[in-house]
Amino acid sequence: MYEETSLLSKQSRDRPFHSTSEFYHELGETLTERQAEILQAAYLAGYFDYPRASSGAELADTLDISSPTFHQHLQTAERKLLSLLFSERPRID
């Protein structure tokens, strides 16, 4: 079909990839239940949108926690999520 196409290079990876389900399983074991709840609530409420659809203070009120506690849980969850994505562990596909 593409006769004028030729393979210029081929790469192999030293690290195996995690499947999506393995990634979610590992994430579920990494985050506490509260961290996962707050991360999901922030996402669903548009906290990560630009401009933000809701503020951290509004979400904290909704979750019946203080604003500093909300931000502490959220930062910890974000750090764990990003560490999982960017660590030396095998990556997801």
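Modeller: Before we start, contact here means heavy atoms within 4.5 Å. And keep in mind that this is a predicted model.

Biologist: Okay, so which residues make H1 and H4 meet?

Modeller: From H1 you've got Phe 23, Glu 26, Leu 27 and Thr 30, and they meet Lys 80, Leu 81, Leu 84 and Leu 85 in H4. By class, that contact has 5 nonpolar, 1 polar and 2 charged residues.

Biologist: And how do H1 and H4 pack?

Modeller: Helix H1 (residues 20-30) and helix H4 (residues 67-86) sit at an angle of about 140°, their axes 10 Å apart. H1 passes H4 in a right-handed crossing.

Biologist: What makes H2 roughly perpendicular to H4?

Modeller: The angle between H2 and H4 is about 95°, with the axes 9 Å apart. Roughly perpendicular covers 65 to 115 degrees, so H2 earns that label against H4.

Biologist: Which residues make that contact?

Modeller: H2 brings Arg 34, Gln 35, Ile 38, Leu 39 and Ala 42, while the H4 side includes Phe 70, His 73, Leu 74 and Ala 77. The residues of the H2 contact with H4 split into 7 nonpolar, 3 polar and 3 charged.

Biologist: Why is Arg 34 called partly exposed?

Modeller: Its relative accessible area is 26%. Buried would need under 20% and exposed over 50%, so Arg 34 at 26% falls in between and counts as partly exposed.

Biologist: What does Arg 34 touch, leaving out residues up to four places away in sequence?

Modeller: Arg 34, which is found in helix H2 (residues 33-44), touches Leu 63, Ile 65 and His 73. The C-alpha atoms of Arg 34 and Leu 74 are separated by 9.4 Å, though the two residues are 40 apart along the chain.

Methods: Residues are numbered from 1 along each chain as its sequence is written. This is a predicted model: local features need pLDDT of at least 70, side-chain atom pairs count only at pLDDT 80 or more; totals for chains, interfaces and linings use all residues. Side-chain values use heavy atoms; hydrogens and water are left out. Axes are lines fitted to C-alpha atoms, for helices over the stretch in contact, and angles run from 0 to 180 degrees between N-to-C directions. Helices (H or I, at least four residues) and strands (E, at least two) are DSSP runs, numbered from the N terminus. A crossing is left-handed if the near helix is turned anticlockwise from the far one by less than a right angle, and right-handed if clockwise. Ala, Val, Leu, Ile, Met, Phe, Trp, Tyr, Cys and Pro count as nonpolar, Asp, Glu, Lys and Arg as charged, and the others, Gly among them, as polar. Buried means under 20% relative accessible area, exposed over 50%, partly exposed in between (1.4 Å probe, protein chains only). Angles under 35 degrees count as roughly parallel, over 145 as roughly antiparallel, 65 to 115 as roughly perpendicular and the rest as oblique.
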